[in-house]
Amino acid sequence: MSLEAVKYRRGSLQILNQLLLPQRSRYEEIGSVQGGWEAIREMKVRGAPAIAIVGCLSLAVELHRCEKRDKDELATFAVESLDYLVTSRPTAVNMARAAGELSDFILTEVKQPDSSAESFKENLLSRLEAMLEKDIRDNKSIGNHGAKHILSKAKTDKVTILTHCNAGSLATAGYGTALGVIRSLWLTGRLEHVYCTETRPYNQGARLTAYELVYEKIPATLITDSMVSMAMKEKGISAVVVGADRIVANGDTANKIGTYQLAIAAHHHGIPFYVAAPSTSCDLTLEGGEQIVIEERPGEELTDINGVRIAAPGIGVWNPAFDVTPHSLITAGIVTEFGVHSPQELRKVLADKIGLKR
Ligand code: MRU
């Protein structure tokens, strides 16, 4: 059983506070939309799919307790809550996509003449709760498609993978996306080794991915972000696999800061570069990566470590949390729950499989 970022049963939502990992493993109760918004904003929970799941389930717990007896009032509350949750963090598209789809569902449901407030509430709760299982199912498919593709291209019997940030169980409902591919490779017995980057400045790699890999007993080594080119030259890396916060129509992909330089280095060394993400991380409303809003975070994430200042006082700081990898550098493909696609194919696959359009 992999680590659980989210524990949910009707009326109760708990999240593993990822700010405390790896030193302490503490679950905290989220009882309201406001609590969900704050946990996402403070990064107690993070990772594109997990952000949407916790946001939507925070609505589910508040809705479950809500005493409103009027269908329209319930619908207004739900739509306003979803709009608010979208403002928690700007770059990952999953929460915005979920909010859009759920709002459409709410507006259709509320118009049904024969549906009561109770049945409206029940249908909405079921819809919100279904996200958990769907995400795990999608991640397992991503893992299997990615592993199969990597092995089909491998020049060696066993493969070594480099990953960045945390796109594992902790960033999803379970199994993970990039780490899901690694997990599936491990299950085939053909994974030699994993290199995970520290992922400065927030250290999701050192704190979270390293924690997951140790927990799963997958052979792995931690490197700093500045060691990736050297590792590609010397450590027999078979492929790079990363997650995504938003993949736009032309295949350009926003992911954790440092992904772009990883893709450049992989291209230079002729190493296949994969993005692994569910279709819920895709956004066909934007044509190119330059349109993605990149979150900028507080300077203290660079200047301080555990509250202790390490940078020279007075220095200016720039702290973009994500960067955009152009589709031309995603050389091996984008792995979704539907398979492995070239960036150019993505738009058609999403239209054919789920009717996703602009
Ligand atoms: O700032 P974070 O920790 O939320 O950033 C996370 C990432 O960039 C992940 O790679 C991405 O969200 C995919 S998680 C399956």
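User: What makes the residues of the lining of the second largest pocket nonpolar, polar or charged, and how many fall in each class?

Analyst: In this predicted model, the lining of the second largest pocket divides into 9 nonpolar, 3 polar and 7 charged residues, where Ala, Val, Leu, Ile, Met, Phe, Trp, Tyr, Cys and Pro count as nonpolar, Asp, Glu, Lys and Arg as charged, and the others, Gly among them, as polar. Residues are numbered from 1 along each chain, and totals for linings use all residues, while local features need pLDDT of at least 70 and side-chain atom pairs 80 or more. Side-chain values use heavy atoms, with hydrogens and water left out.

User: What makes a residue part of this lining, and which lie closest to the centre of the second largest pocket?

Analyst: On a 1 Å grid, a pocket is an open set of points where a 1.4 Å probe fits, with protein on both sides within 12 Å along at least five of seven lines, and lining residues have an atom within 4 Å of a point. The second largest pocket has 19 such residues, and A98, E101, M131, K134 and T280 are the closest to its centre. Among the helices (DSSP runs of H or I, at least four residues), α5 gives the most to this lining, with 6 residues.

User: Why is the second largest pocket said to lie between two domains?

Analyst: Domain 1 (6-135) and domain 2 (142-354), with bounds from an automatic or database assignment, both give residues to its lining, so the second largest pocket lies between them. The largest pocket likewise lies between these domains, because both supply its lining, and Y202, R207, D304, I305 and N306 lie nearest its centre among 18 lining residues.

Note on methods: Helices (H or I, at least four residues) and strands (E, at least two) are DSSP runs, numbered from the N terminus.
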